[in-house]
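Dear colleague,

I am handing over the structure below, and after it I set out what was found there. Please read the notes with the sequence and the coordinates open beside you.

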Amino acid sequence: MAFREEEESLVYDVRLSSVGPGRATSSDVFHNLSGLDLAMKLHYLKVVYFFESDAAQGLTVKKIKECLFTLLNHYFILCGRFRRSESGRPFIKCNDCGCRFIEAKCKKTIDEWLDMKEWPFYKLLVSQQVIGPELSFSPSVFLQITNFKCGGISLGLSWAHVLGDPFSASDFFNTFGQTMNNLHLNKPFNIPRSAPTPYQPGSEKDPVSAKRVDQVGDHWIPANNIKMDTYSFHLTSSQMNYLQAKIWGQSVDQTPPFESLCAMIWQSVARVRVGSEPKTVTVCRPDPHHKGNDTMIGNNQVISKVEAGSECSIVDTELRVLASMLVDQGVDERNQIQEAIEKYQGVTDFFVYGANLTFLDLEEINVYDLQLKGHKPKFVYHTLQGVGDEGAVLVLPCPKGSINSDADGKFVTIILSEDEIVKLKSEFKMNGLLV
C-alpha cells in the first residue's frame with residue numbers, strides 16, 4: 001500500500017475551474033456526430049507535455065486562460081455539452097459551458113519524474129474523468145497545468161475521442177501554443193456538422209474493427225473483463241536498425257519501421273497468449289486526404305483490419321511475412337463502421353481500440369510542434385483510456401530534444417492485461433528491444 005500512498009502524495013493542491021470562448025455562440029448551434037465519431041465515444045486520448053523552467057518562466061494561469069479565450073473562439077464546439085435527440089442519438093449543443101481547467105503542484109523536479117519511468121503515475125498529470133454519468137454536465141476536454149519544484153511545468157490534455165482523432169487533438173494543442181506565443185491565428189472557425197443523412201442499407205455484418213457492446217447509457221466508458229496495465233519504452237535508432245536487419249537482412253526492399261515493429265509486437269503477443277493468439281489485428285493511421293483540413297474536428301483516421309486467416313500460426317510465421325501483411329493486406333473498414341452505427345441510429349455502443357489487438361501509427365503526428373517561448377517539450381507522453389481487452393499499441397516518434405534526443409528512435413506505449421505486460425517484457429528482451 002506504500003506504493004499507492006506515494007502515488008497520491010506526488011501531486012497536490014489541485015484546483016478546478018472552467019474556461020470558455022471569449023465570444024458568445026448563438027443559442028441554436030449544434031454539432032452532429034458522425035458514425036465514426038460515435039464509434040470512438042468510449043475512448044479518451046491522454047497527452048502530457050513536459051516543459052523545463054526556461055519555457056515556463058512567467059507563464060501564469062491568467063496568461064493561459066486569456067489565450068484559451070481566443071483559442072476557444074475557433075474551437076467553440078469543444079465547449080459544448082452532449083444531448084440526445086428523440087431517437088437517443090447523441091449530439092453536442094454548442095452552449096459555451098467551457099472546458100475544465102485544472103491547476104496542481106508536484107513534489108518532484110521534471111528530471112526526477114522522468115527518471116522514475118512509473119507510467120501509471122502519469123495519470124496524476126492529466127484528468128481521468130470520462131463523459132457521464134450526467135451527460136449534459138460533462139466536459140469533453142480537460143486541461144491540466146502541473147508546476148514542478150524545479151520551475152518546469154507539464155501540460156496535460158484529456159480529449160474525448162468522440163470529438164476527433166489524435167491528429168485533431170494535436171492540431172488543437174499546437175494552435176494553443178501559437179496563441180501562447182502571441183502569434184496571429186490564421187485559422188478558420190470550426191464548422192459544426194449538420195444532421196446525418198438517413199441510413200442507406202449496406203452490409204448486414206458488423207465490422208471486424210469495431211465491437212458492439214451492451215449499451216453503456218450516459219456513462220461513456222467500456223467495461224474490461226480483465227485488469228489492464230500500461231507499459232512504455234523508448235527504442236533507439238540502433239535498436240530499430242537491429243530489428244530491421246533481423247527481419248529483412250541486407251534486403252534493400254524493406255517494410256517501413258512501423259510495420260516491422262508492429263509485426264514483432266504482434267508475434268510477441270501471440271507467444272504470451274497461448275491458445276488464443278490474435279489472428280486479426282486493427283491498424284489505425286492518418287488519412288492523407290484529410291491532412292491540413294483544419295476547418296472541422298472529427299475522426300478521419302483510416303481504420304483497417306488485417307486478417308491472417310484461421311489456419312495461420314502467428315507464432316510460426318516469419319516476421320517479414322507479418323510485416324508485409326500489415327502493409328499490403330489492410331482493409332479500410334470506415335464505411336462498414338459508419339454503416340453499422342447508422343443502422344442502429346447512433347444509439348448502440350461500439351468500441352474500436354482493443355476490439356482486436358490495435359496498432360496506432362502516430363509517427364506523423366506533430367508531437368513536438370507545441371512550443372513555449374521558442375522551446376519544444378522535453379518529453380511528450382501519449383496514452384489511451386477506454387481500451388478493450390485485446391489491447392492497443394501506440395507508436396510515436398522521438399525527435400531530437402525529447403527524452404533521449406534520438407531523432408530516429410521510437411516511443412512505444414502498450415496497453416494490455418497485467419499478466420501479458422509482464423510476459424511481454426521477457427519477449428522484448430529476447431528480441432533485443434529491452435536491456
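Two strands are taken to pair here if DSSP finds at least two bridges between them. Please also keep in mind throughout that this is a predicted model.

By that criterion, strand E3 (residues 44-51) and strand E8 (residues 153-160) are paired, running antiparallel and joined over eight bridges. Within this pairing, valine 47 has leucine 157 of E8 as its bridge partner.

E3 and E8 belong to an open sheet of six strands, whose order is E1-E6-E7-E8-E3-E16 and whose pairing is mixed. Because strand E1 (11-19) and strand E16 (379-385) each have a single partner strand, they stand at the edges of this sheet, and one side of each is left without a neighbour in it. Neighbouring strands in this six-stranded sheet are turned against each other by 15° on average, with direction ignored. Across E3, E8 and strand E7 (141-147) lies helix H6 (residues 166-180), which runs at about 140° to E8.

There is also an open sheet of three strands, in the order E2-E5-E4, and its pairing is antiparallel. Its edge strands are E2 (30-32) and E4 (81-84), each of which pairs on one side only. Here the average turn between neighbouring strands, again ignoring direction, is 35°. E4 is joined to strand E5 (residues 90-93) by four bridges, the two strands running antiparallel, and arginine 83 has phenylalanine 91 in E5 as its bridge partner.

Among the helices, H8 (residues 257-272) may be worth locating in the viewer: this helix has 16 residues and spans 23 Å from its first C-alpha to its last, which is close to the 22 Å expected at 1.5 Å a residue. Since 14 of the 16 residues of H8 are buried, the helix is largely enclosed by the rest of the structure.

As for the protein chain as a whole, it contains 11 helices and 18 strands, and 55% of its 435 residues count as buried. Of the contacts between residues at least 6 apart in sequence, 80% join residues that are at least 24 apart. The chain exposes about 18,500 Å², of which carbon and sulfur atoms supply 48%.

With best regards

Methods: Residues numbered from 1 in each chain as written. Predicted model: local features only at pLDDT ≥ 70, side-chain atom pairs only at ≥ 80, totals over all residues. Heavy atoms only, no water. Expected span 1.5 Å × (residues − 1). Buried < 20%, exposed > 50% of the residue type's maximum accessible area, 1.4 Å probe, protein only. Axes fitted to C-alpha atoms, helices over the stretch in contact; angles between N-to-C directions. Contact = heavy atoms within 4.5 Å. Areas by Shrake-Rupley, 256 points an atom, 1.4 Å probe, with all protein chains shown as cover.
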